[in-house]
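Welcome! Please take a moment to look over the structure below, and then we can walk through some of its details together.

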Amino acid sequence: MIVEVEKQRHGIDLIKIDNNDTNIVFTNYGARIVSWKYHDNNIILGNKVEADEFYPSNPYHFGATIGRYAGRIGNATFKLNGHDYKLEANDTPHQLHGGSHGLDNRLFEYDIQDNITNIKLTFTIQLKSEEDGYPGDMMIKVIHTYDVEHRWTVEYKAQSTEDTVFNPTNHVYFNLNRDNNVIDNHKITSTKLNMYPIDETHLVANAQPIDLLKTLNSDSVCFKDIFNSDNEQLKQQIEPLNGLDHPFDIGNQELTMENNEFALHLETTMPNVVIFTFNDTTKWQSDFNIYKAHSGVTLETQCLPNDINIYNNKARSILKADEEFYSKTTYQISEKESENDI
Ligand code: GAL
């Protein structure tokens, strides 16, 4: 494996890893993934040529580390240890992605470890309570590892000086199609695909999920079957959004997403996966915005959005002072044997 660093403007570095059949690029800006290719096929959305112009204004958070809290926090408030915290309502009336001082727009320190079977990039940053209104100052490490088996692993390690909530994710958008056609043909397989309904403000409405495998009567589901389903409950969720923006429970914390050529396998220690099918691509006025609806899909591993207001002191996202937060998610890409086998 080969690793090299390219410096762009504004302190933005690209860290490029070559692994024969695949190559992958990360940046210190938001500790994000910028590019991932299988031969000449881009399997994620991003821009490594003009990363220094593309990312600072991109409102869709391509490939970024999102935190402190990835999903929406209802009414931008939560209670912890009897204290009410009021956050910035950047997704009125809620908070989304940890607010505008979140991890996605920060320049991280980093170091590179070039091992025999993998390359490990450790990105480090500090967050101050006074900057974003969450309790506790935090030390956060985002560790991206790429290995000889074409597996990208992202680990988060963090500590807080006070009890707080912490729920980071990566906002990568996948598209396995060679021609970058819409992802409607991608199929997801897991032993469980339970989808949490959301309300008109995109907030988790209640904790009673819809069993998608049962509703669609299948072992695996294609996005176009979800989008075109006649099931009333599903239609009510899909139509107003033009797609998915929903948390899921998945079986054994793993799933596979595939088209006829590639399979992407995900495994995670986090309890949920938010699947967002890039439903509205019009909010970025930029020549860089070449994206149409459904041109990518996120598989964001995290705790249930708004869990702190749903489960209160039992919320999985609570991180106690001085305890270590750890999570790990892997995404592995492989080429299928032959299109005729499908
Ligand atoms: C998701 C969020 C979507 C949309 C998207 C774009 O995490 O659930 O509603 O905002 O990010 O950044």
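Which residues surround the ligand? In this predicted model, they are Pro59, Tyr60, His61, Arg72, Leu96, His97, His171, Tyr173, His202, Asp245, Phe276 and Glu300.

Three of these neighbours are worth a closer look for their polar contacts. The table gives the distance from a polar atom of each side chain to an oxygen atom of the ligand.

| Residue | Distance to a ligand oxygen atom |
|---|---|
| Arg72 | 2.7 Å |
| His171 | 2.9 Å |
| Asp245 | 2.4 Å |

Now for the pockets. As a general idea, rolling a probe the size of a water molecule over the atoms shows where empty space is left. The largest pocket holds about 710 Å³ of space. Its lining is made up of 38 residues, and those closest to the centre are Arg72, Leu96, His97, Asp245 and Lys283. You have met some of these names already: Arg72, Leu96, His97 and Asp245 also belong to the surroundings of the ligand.

Which elements supply at least two residues each to the lining of the largest pocket? They are helix H1 (51-57) and the strands S20 (245-250), S23 (272-276) and S24 (297-302). Strand S20 gives the most, with three residues. Sorted by class, this lining has 16 nonpolar, 15 polar and seven charged residues.

The second largest pocket has a volume of about 340 Å³. Here 17 residues form the lining, and Asn42, Ile44, Gly46, Asn180 and Tyr291 lie nearest the centre. Strand S4 (residues 32-38) provides the largest share, three residues. By class, you will find nine nonpolar, six polar and two charged residues in this second lining.

Next, some points about the backbone. Most residues other than glycine have a negative phi, and most peptide bonds are trans. Where does this chain depart from that pattern? One cis peptide bond runs from Gly67 to Arg68, with omega near 15°. Arg68 sits in the loop that links strand S6 (65-66) to strand S7 (77-80). Another cis bond, with omega near 0°, joins Thr92 to Pro93, and Pro93 is found in the loop between strand S8 (83-86) and strand S9 (109-114).

Positive phi values appear too. His150 is not a glycine, yet its phi is about 60°. This residue is placed in the loop between strand S11 (138-147) and strand S12. Is His150 buried or exposed? His150 counts as buried, because its relative accessibility is 14%, and buried means under 20%. Gln253, also a residue other than glycine, has a positive phi near 55°. Gln253 lies in the loop between S20 and strand S21 (254-258), and with a relative accessible area of 25% it is partly exposed.

Let us finish inside strand S12, which covers residues 151-160 and includes Thr153. With a relative accessible area of 9%, Thr153 is buried. What does Thr153 touch, leaving aside residues up to four places away in sequence? The contacts are Ile143, His144, Thr145, Lys328, Thr329 and Thr330.

Definitions and conventions
Residues are numbered from 1 along each chain as its sequence is written. This is a predicted model: local features need pLDDT of at least 70, side-chain atom pairs count only at pLDDT 80 or more; totals for chains, interfaces and linings use all residues. Side-chain values use heavy atoms; hydrogens and water are left out. Helices (H or I, at least four residues) and strands (E, at least two) are DSSP runs, numbered from the N terminus. Buried means under 20% relative accessible area, exposed over 50%, partly exposed in between (1.4 Å probe, protein chains only). Contact means heavy atoms within 4.5 Å. On a 1 Å grid over the protein atoms alone, a cavity is a set of points where a 1.4 Å probe fits but cannot get out, and a pocket is an open set with protein on both sides within 12 Å along at least five of seven lines; lining residues have an atom within 4 Å of a point. Grid points are joined across faces, edges and corners, and a volume is the space filled by probe spheres set on the points. Ala, Val, Leu, Ile, Met, Phe, Trp, Tyr, Cys and Pro count as nonpolar, Asp, Glu, Lys and Arg as charged, and the others, Gly among them, as polar. A residue is near a molecule or strand if one of its heavy atoms lies within 4 Å of it. A polar contact is a pair of N or O atoms within 3.5 Å; within protein, one must be able to donate a hydrogen and the other to accept it, and residues adjacent in sequence count only if both atoms are side-chain atoms.
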